[in-house]
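Me: I am new to this one. Please take a close look at how the helices are packed, and at what lies around them.

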Amino acid sequence: MLNKKHFKKVIYLILFVTIYSVCLNFWITYQAKNSIYNNVDKIPKNKVGLILGANKFAGSGRINLYYKYRLNAAITLYKSGKIEYILISGDNSRKDYDEPSFFINDLIENGIPENKIYLDFAGFSTRDSMARANKIFGLNSLTIISQKFHNERAIYLAKHSKIKAIAFNATDLTGRYGVKTKLREHLARTKASIDILFNVGPKFLGEKIDIK
């Protein structure tokens, strides 16, 4: 059993973490507000659009709508002339799990030339995707493609990877599934700030790749 002194310390710790998480969440949203776009006609052009990975299939076996809407957003940007190349950064940590390959196959099926698409198979996290975009692919500016909540965190991480990023918001989800994702996002933002504080780098680097 905790004595009274230790109980107070636990309460203060919980209070501190809660306040920190809430303030961080507002800060990440605020610092991204002038860098995210919903309208394809208003977003500035960039050489490269970066799709942040997602599993093509949900647990039910149906198409993951986060995946579908990011795919559609990337196609819209490319066909509108807002990006010249597409970099797909996702998880390929297992033979039976390959986010980038799902995306490239579907992009090609929708008319995006294969030579305009580059793959990053070591985008195990948003932090890794941003760091590798700079260190491996040599990018100092790009357009991030994901849902708004994810784009905000990605811009926060991009700044710490020396990337000038803007973002295009793919259609988001509402309802119970959307709420659960937003709750997980609070934890992801806290982890992102800790990674920055301790200067945590990507899990893997490798040979540099020029997008051209």
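Reply: Start with helix 3, residues 99-109. Its buried residues are E99, P100, F103, I104, D106 and L107. Buried means under 20% relative accessible area, with over 50% exposed and partly exposed in between (1.4 Å probe, protein chains only). Helices (H or I, at least four residues) and strands (E, at least two) are DSSP runs, numbered from the N terminus.

A word on the model: it is predicted, so local features need pLDDT of at least 70 and side-chain atom pairs pLDDT 80 or more, while totals for chains, interfaces and linings use all residues. Residues are numbered from 1 along each chain as its sequence is written, and side-chain values use heavy atoms, leaving out hydrogens and water.

Back to helix 3. Four elements pack against its buried residues. They are strand 2 (46-52), helix 2 (65-79), strand 3 (83-89) and strand 4 (117-120). After helix 3 comes G111. The phi of G111 is positive, near 90°.

Take the partner helix 2 next. Helix 2 and helix 3 cross at roughly 50°, and their axes come within 11 Å. That angle makes the pair oblique. From helix 2, the contact uses Y67, R70, L71, A74 and I75. From helix 3, it uses F102, F103, D106 and L107. Contact here means heavy atoms within 4.5 Å. Note the overlap: F103, D106 and L107 are also among the buried residues of helix 3.

Now helix 4, residues 126-135. This helix is mostly covered, with 8 of 10 residues buried. Those are T126, R127, D128, S129, M130, A131, R132 and A133.

Helix 4 packs on helix 5. The angle is about 45°, and the axes lie 9 Å apart. The two helices are therefore oblique to each other. On the helix 4 side, T126, R127 and M130 take part. They meet H150, R153, A154, L157 and A158 of helix 5.

Helix 1 also meets helix 5. Here the crossing is roughly 80°, with axes within 8 Å. So these two are roughly perpendicular. Helix 1 brings L24, W27, I28, T29, Q31 and A32. Helix 5 brings E152, R153, I155, Y156 and K159. R153 thus appears in the helix 4 list and in the helix 1 list.

What is in the interior? The largest nonpolar core has 27 residues. Such a core joins buried Ala, Val, Leu, Ile, Met, Phe, Trp, Tyr and Cys through side-chain atoms within 4.5 Å. L87, M130, L139, L142, I144 and I211 have the most contacts inside it. Several elements each supply at least two of its residues. They are helix 1 (4-32), strand 2, strand 3, helix 4, strand 5 (141-147), helix 5 (148-159) and strand 6 (164-170). Helix 5 gives the most, with 5 residues.

Look at I144 in particular. Leaving aside neighbours within four places in sequence, I144 is in contact with L50, L52, M130, N151, A154, I155, A165, I166, A167 and F168. M130 and A154 are also in the meeting of helix 4 with helix 5.

There is a second, separate core of 23 residues. Among its members are I51, I75, I166 and A170. I75 belongs to the helix 2 side of the contact with helix 3.

Notes:
Axes fitted to C-alpha atoms, helices over the stretch in contact; angles between N-to-C directions. Parallel < 35°, antiparallel > 145°, perpendicular 65-115°, else oblique.
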